[in-house]
Amino acid sequence: MLYIFDLGNVVIDIDFNRVLGVWSTLSGAPLATLRERFVMGPTFQQHERGEISDETFASQLCHEMGITLSYEQFAMGWQAIFIGLRREVVDIMHRLRHDGHRVVILSNTNRLHCEFWPTEYPEVVAAADRMYLSQDLGLRKPEADIYRHVLREEGVGASEVLFFDDNEANVVAAQALGIQAVQVHDRQVVPDFFARQE
C-alpha cells in the first residue's frame with residue numbers, strides 16, 4: 001500500500017495568520033487589511049509550481065497587498081507559518097514503513113519554505129520514502145497530473161493508495177482519480193483513522 005501525506009496541517013502544523021502578523025508588524029499595515037488582501041491567487045500558485053523566483057514572489061505579493069518590505073523582512077514573515085511537528089503522525093509514518101508499506105509526502109510548497117522546514121523538522125524527511133514537492137514538479141494540487149505523476153513514479157494503481165490532506169479540493173481531486181482520500185480537519189484525524197484500523 002502507498003500512503004501519501006500532505007505536509008501542512010497534516011504532518012506539520014502551519015498558520016498563515018502568523019505570517020500576516022509578522023508582515024503587519026514590520027510594514028505597519030493593519031492585520032485586518034492584510035487578511036483582506038492576501039489571496040492564494042495566480043502569483044501564489046506560480047510560486048508553488050516553481051515558475052517564479054522567491055524574490056519575484058515577494059515583490060509581487062507585497063505589491064498586491066500594498067505594503068513595503070525588504071526581501072529579508074518578507075522571508076522572516078513567510079517562515080513564521082510553521083508552528084510545530086505532529087509527532088504522532090511521524091510515528092505513524094515510521095510504523096507504516098516498518099510494516100512494509102511505502103510512505104511519501106506530496107506537498108504544495110515553495111523553495112523559500114524548503115530552505116527552512118527540512119532543517120527545522122528533519123524528522124519529516126526521515127519518516128518518508130520520498131518527497132514530492134510542487135515546486136520541483138511544476139505541478140500543484142489539486143491538478144490531476146500531480147497525482148498521476150506520483151502514481152506513475154511509485155508504480156501503483158489508484159486503488160492501492162491512501163491519501164491524507166487538509167484541503168477539501170485536494171481530497172476531492174484525488175478521489176476523482178479513484179484514490180482513497182481522507183480530509184484532515186484537525187490533528188486527531190490521522191491518529192484516529194489508524195486507531196480504527198487496529
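**View 1. The largest pocket of this predicted model has a volume of about 520 Å³.** Welcome to the pocket. Its lining is made up of 28 residues. Those nearest the centre of the largest pocket are Ile 14, Phe 16, Phe 44, Glu 48 and Asn 108. By character, the lining splits into eleven nonpolar, ten polar and seven charged residues.

**View 2. Helices H3 (42–48) and H12 (168–176) each bring at least two residues to the lining of the largest pocket.** Which element gives the largest share of this lining? That is H3, with three residues.

**View 3. The largest pocket lies between two domains.** The protein chain is divided into domain 1, spanning 2–13 + 84–196, and domain 2, spanning 14–82. Both domains give residues to the lining, so the largest pocket sits between them. If you like to work with centroids, the C-alpha centres of domain 1 and domain 2 are 25 Å apart.

**View 4. Domain 1 meets domain 2 through 21 residues on its own side and 15 residues of domain 2.** Together the two domains bury about 1,600 Å² between them, and 57% of that area is on carbon and sulfur atoms. On the domain 1 side, Leu 112, His 113 and Arg 140 lose the most area to domain 2, together 41% of what that side buries.

**View 5. The side chains of Arg 140 and Glu 48 form a salt bridge, at 2.8 Å from N to O.** Between domain 1 and domain 2, the count is two salt bridges. Glu 48 may look familiar from the first view: this residue is among those nearest the centre of the largest pocket. Arg 140, its partner here, is one of the domain 1 residues that lose the most area to domain 2.

Conventions: Residues numbered from 1 in each chain as written. Predicted model: local features only at pLDDT ≥ 70, side-chain atom pairs only at ≥ 80, totals over all residues. Heavy atoms only, no water. 1 Å grid on protein atoms, 1.4 Å probe; cavity = no way out; pocket = protein on both sides within 12 Å on 5 of 7 lines; lining within 4 Å. Points joined across faces, edges and corners; volume = space filled by probe spheres on them. Helix = DSSP H or I, 4+ residues; strand = E, 2+ residues; numbered from the N terminus. Nonpolar A, V, L, I, M, F, W, Y, C, P; charged D, E, K, R; others polar. Domains from an automatic or database assignment. Contact = heavy atoms within 4.5 Å. Buried area = accessible area lost by both parts, 1.4 Å probe. Salt bridge = Lys/Arg side-chain N within 4 Å of Asp/Glu carboxyl O.
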